[in-house]
Amino acid sequence: MESALSNVNGKIWLLIDEDVEWELLIDTEQQLTIKVLHHGIGKHIIMTFVYSKCSSQERLELWNNLYYLASDMELPWVVGGDFNVILGEEEKIGGFPVYPPEYEDFAFCINSCGLFDLSYKGSPFTWWNGRPNEECIFKCLNIFFVNLPFQSLFPNIEVEHLIRTGSDHAPLLMSCGEEAMQFVKPFKFLNFWTKHETFIEVVSSKQKLKRVKLALSKWRKLTYGNIFKQLAIREDVVRIKEILFEEAPTMENRGILQQAQAELKKYLNIEEQYWK
């Protein structure tokens, strides 16, 4: 990453790749809008990142900003973030009944701006209040919207609601259809290996460097397996446990979910060491 910026109150942070030329258009307490030029596709795109207020009255300023942007919008436009309001009654479980005027303002704004939400993979809820049983509340507060020019530019858009780890919100991942490069990573010594109880035994039994590398490669596969495959498996396990907890938010299911999340964090730490 080459540059980073935040909005006026530090609630929204962007990390921008060095391949992207960007220009700041609007900076408010609830949204940050930039115009970007990606050399890979040679196109300008408008991107609006949102972290809205909890009060419906305060959100009116955000809706006005979106109306202003949409009034002469001809470029591909994506809007996403934490809107702190749902789009309909089906996007909430638990708690008090939904107050229609709040989400009707939101829905009217999105429709009037020529935006539409995208289909997604993962849980339908992106926020949890952290409580089990009858006090449990789930909502879909984090959403990506795009206009028609953006959809035409990236017809294979995919959005995934990732698992909640260390936050009450689920991160969202938008993929625009570009395939990632496949490459073979050379042998790399990872510091966390030394903490494993069998590491010294493997190293001390081999004298030549080549033999040590071969022995460590074999030992790593037996001890940790393919890091990324193991990580993907544990992400799937957490995703399943999240769904089970959403269906039955009991203390028992919460404990099972937390155990799966702890195992996932272990492999996230391993992955972090891998890329250092």
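**Exercise 1. In which sense do strands S3 and S4 pair, and over how many bridges?**

Solution. In this predicted model, begin with strand S3, which covers residues 20-27, and follow its pairing with S4: the two strands run in the antiparallel sense, and 7 bridges hold the pairing. Next, look at the connection, where a hairpin of 3 residues joins S3 to S4. Finally, pick out one bridge as an example: Trp22 has Val36, in S4, as its bridge partner.

**Exercise 2. Find the salt bridges, and work out which parts of the chain the pairs tie together.**

Solution. The structure holds 2 salt bridges. In one of them Lys53 pairs with Glu29, and the closest N and O atoms are 3.1 Å apart. Since Lys53 lies in the loop between S5 and helix H1 (56-70), while Glu29 lies in the loop between S3 and S4, the pair ties together parts that are 24 residues apart in sequence. To place these residues by exposure, recall that partly exposed lies between 20% and 50% relative accessible area; Lys53, at 24% relative accessibility, therefore counts as partly exposed, and Glu29, at 40%, counts as partly exposed as well.

The side chains of Lys121 and Glu158 also meet in a salt bridge, with 3.8 Å from N to O. Here Lys121 belongs to strand S9 (residues 120-122) and Glu158 to strand S13 (residues 158-161), so this pair ties together parts 37 residues apart in sequence.

**Exercise 3. Describe the aromatic pair of Phe83 and Phe145.**

Solution. The count of aromatic pairs comes to 9. For Phe83 and Phe145, the centres are 5.5 Å apart and the planes stand at 80 degrees; because an angle over 60 degrees counts as edge-to-face, that is the name for this pair. The pair links distant parts of the chain, with Phe83 in the loop between S6 and strand S7 (92-93) and Phe145 in strand S12, 62 residues apart. Both Phe83 and Phe145 are buried, and ring pairs join them with Trp63 and Phe106 into a cluster.

**Exercise 4. Which residues lie nearest the centre of the largest pocket, and which strand gives the largest share of its lining?**

Solution. Start with the volume of the largest pocket, which is about 1300 Å³. Its lining consists of 40 residues, and Leu15, Met47, Phe49, Phe144 and Met174 lie nearest the centre. Sorted by class, the lining has 26 nonpolar, 9 polar and 5 charged residues. Several strands supply at least two lining residues each, including S2 (13-16) and S14 (172-175), and the largest share, 6 residues, comes from S5.

Key: Residues numbered from 1 in each chain as written. Predicted model: local features only at pLDDT ≥ 70, side-chain atom pairs only at ≥ 80, totals over all residues. Heavy atoms only, no water. 1 Å grid on protein atoms, 1.4 Å probe; cavity = no way out; pocket = protein on both sides within 12 Å on 5 of 7 lines; lining within 4 Å. Points joined across faces, edges and corners; volume = space filled by probe spheres on them. Helix = DSSP H or I, 4+ residues; strand = E, 2+ residues; numbered from the N terminus. Nonpolar A, V, L, I, M, F, W, Y, C, P; charged D, E, K, R; others polar. Phe/Tyr/Trp six-rings, centres within 6.5 Å; stacked < 30°, edge-to-face > 60°. Buried < 20%, exposed > 50% of the residue type's maximum accessible area, 1.4 Å probe, protein only. Pairing = 2+ DSSP bridges. Salt bridge = Lys/Arg side-chain N within 4 Å of Asp/Glu carboxyl O.
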